[in-house]
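Student: I would like a close look at one part of this model, the nonpolar core. Please set it in the context of the whole chain and end with any unusual backbone angles.

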Amino acid sequence: MKKECVAMLLAGGEGKRLGTLTKNLAKPAVYFGGKYRIIDFTLSNCTNSGIYTVGVLTQYAPLVLNKHIGIGKPWGLDRQNDGVSVLSPYTAKDGGNWYSGTADAIYKNIHFIEEHDPEYVLVISGDHIYHMDYNKLLNYHKKIGAHATISVMEVPWDETSRFGILNTTDDLRIYEFEEKPENPKSNLASMGIYIFNWSTLKSYLLDDASNSVSSHDFGKDIIPSMVQDNLQLFAYRFEGYWKDVGTVQSYWEANMDLLEENHSLSLTNRQWRTYTHDSNYPPQFFGKNASINNSLINSGSWICGKVDHSILFENVTVHQGSNIQQSILHPGVQVGKNAVLDRVIIMENTIIPDGIQIRSNPFEEPLVIDQDSVTQALTL
C-alpha cells in the first residue's frame, strides 16, 4: 500500500562513548528520565506526527531493544498494513552483512521502503532527546520544493566543532556542508534529521553503494554529494529542546535538565505524549530545592534517606542515613545505610553497600556504576 512518507529510524549504534551504559545494550535502549528508554522519544514523535510506517534499523546488542519495541503497541504502531518493523542487518536482501554506515543501512533496506512506495523518506535517529512534529518538517519540505531538507538548530559557537555545520543563503538553501569544522562560517548544526524525495535518495544510495572509497554515511558522503550536484537542499530551523545523548556527560546533563523549572521538554504534556511500556509508574524527580526523607514513593520505591536534585526509576531503595545528590538511579537499585552518592549514575539492580561513598570529580564525566564496578571497588 502506497504511503506518503516512510520513517527510517537508525538505532544500531554501539554508543562507545557511553561506556558502561552500553556495555551490553544498544544506545537507544538505555534508560532515561525516570521511566523511559531513549528511543521512546523518537518513536513517540512519529506517532504524534501521524507517521505510522517506521522501520527501525538495529545492529549492536539489539536483544533488549527488540523486546522493548515489540510490535509497537505503546506507540500505536501495532498496525496491520504499516506500523513498526525491526530491521536487522541479517534481514537485508543481500543475505546479511553489518551496516557499514548510516547510508548503507538505508541502502540495505531499500526493499522495505519500496514495499510502501513512498513519495518521501524521513531519516531519524534513536539516540536524541526531543519533541518534534515531523509533519511540520514534511510540509516545509513540500512547500519549498526541496530534494532534501535537513533539520538544524543553532548551537553555541564554541561547540560547532562537534557537529556537521550547514552554510546557507538567507532563504536557508544549503550551499556548503562542513563536518566538524575548526573555523566555522555558521552555527547551524545538523540534527541528523532528514526528509528526502525518495526517488532522489534512492539514486544517490545506489551510486554510493558502488563507490569503493565511500564511508557510506549521510553526513560524510550523501549530503556533500547532493550539495556538490547543486540539488535543492534546504535547512529547517528547529526551535526547542534537543540533546544528543552520545556521551556520559550529555546523558547526565539531559536527565538533570528535566529537573529544571519550566523546562521546555515536558513529559506531562497531554498534547504531545511520550509513550513507553517499561513501567506504569511515574518518574521520580527530586528538584534542586526539594529533598525527601522517610517515604514510600508511589513507584514501589522505599526512600528512608535523603534524595536531592536526582532522578529515580521504579523499585529503588534508599536506606536510612544515605544521601543522594545529582544522581540517576536506574530500576531496582538498592542503596545501603549511610551511603553517599554524588553526581553518579547507578545502573539497573546494582546494590550499593552500607557506608560506601561514591563521588564524581566535578571537572570530569559522572561515574557510571554497575554491580561489577562495585565488586571490584570492594576487593581493592
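Tutor: Contact here means heavy atoms within 4.5 Å. On that basis, residues 24 or more positions apart supply 58% of the contacts in the protein that have a separation of 6 or more. The model is predicted.

Start with the frame around the core. The protein has 9 helices and 26 strands. Its C-alpha atoms fill a box of roughly 65 × 50 × 45 Å along the principal axes. The radius of gyration is 22 Å, which agrees with the value near 21 Å for a compact globule of 380 residues. Of these 380 residues, 56% are buried.

Now the core itself. The largest nonpolar core holds 102 residues. Within it, Leu-122 and Tyr-251 touch the most other members. Strand β11, residues 188-197, gives the most to this core, with 7 residues.

Take Leu-122 and set aside its neighbours within four places in sequence. Its contacts then include a run from the start of the numbering: Cys-5, Val-6, Ala-7 and Met-8. Ile-51 is a further partner. Tyr-134 and Leu-137 also touch Leu-122. So do Ile-193, Tyr-194 and Ile-195, and strand β11 spans residues 188-197.

There is also a second, separate core. This one has 19 residues, among them Val-307, Val-335, Ile-352 and Ile-358.

Next, the outside. The accessible surface comes to about 17100 Å². Carbon and sulfur atoms account for 45% of that surface. The charge count is 31 positive and 43 negative side chains. The centres of the two sets lie 5 Å apart.

Last, the backbone angles. Most residues other than glycine have a negative phi. Two residues deserve a look on that score. Ala-61 has a positive phi, near 40°. It lies in the loop between β4 (53-57) and α2 (63-69). Its relative accessibility is 25%, so Ala-61 counts as partly exposed. The cut-off for buried is under 20%.

His-309 is the other case. Its phi is positive too, about 50°, although His-309 is not a glycine. His-309 lies in a strand, β17, residues 306-312. With a relative accessible area of 8%, His-309 is buried. Val-307, a member of the second core, has a number within the range of β17, 306-312.

To put the two side by side: Ala-61 lies in a loop and is partly exposed, whereas His-309 lies in a strand and is buried.

Methods: Residues are numbered from 1 along each chain as its sequence is written. This is a predicted model: local features need pLDDT of at least 70, side-chain atom pairs count only at pLDDT 80 or more; totals for chains, interfaces and linings use all residues. Side-chain values use heavy atoms; hydrogens and water are left out. Helices (H or I, at least four residues) and strands (E, at least two) are DSSP runs, numbered from the N terminus. The radius of gyration is taken over C-alpha atoms; the globule rule is 2.2 Å times the number of residues to the power 0.38. Buried means under 20% relative accessible area, exposed over 50%, partly exposed in between (1.4 Å probe, protein chains only). Accessible areas come from the Shrake-Rupley method with a 1.4 Å probe; for residues, only the protein chains shown count as cover. Lys and Arg count as positive and Asp and Glu as negative; His and the chain ends are not counted. The place of a charge is taken as NZ of Lys, CZ of Arg, CG of Asp or CD of Glu. A nonpolar core is a set of buried Ala, Val, Leu, Ile, Met, Phe, Trp, Tyr and Cys residues joined through side-chain atoms within 4.5 Å.
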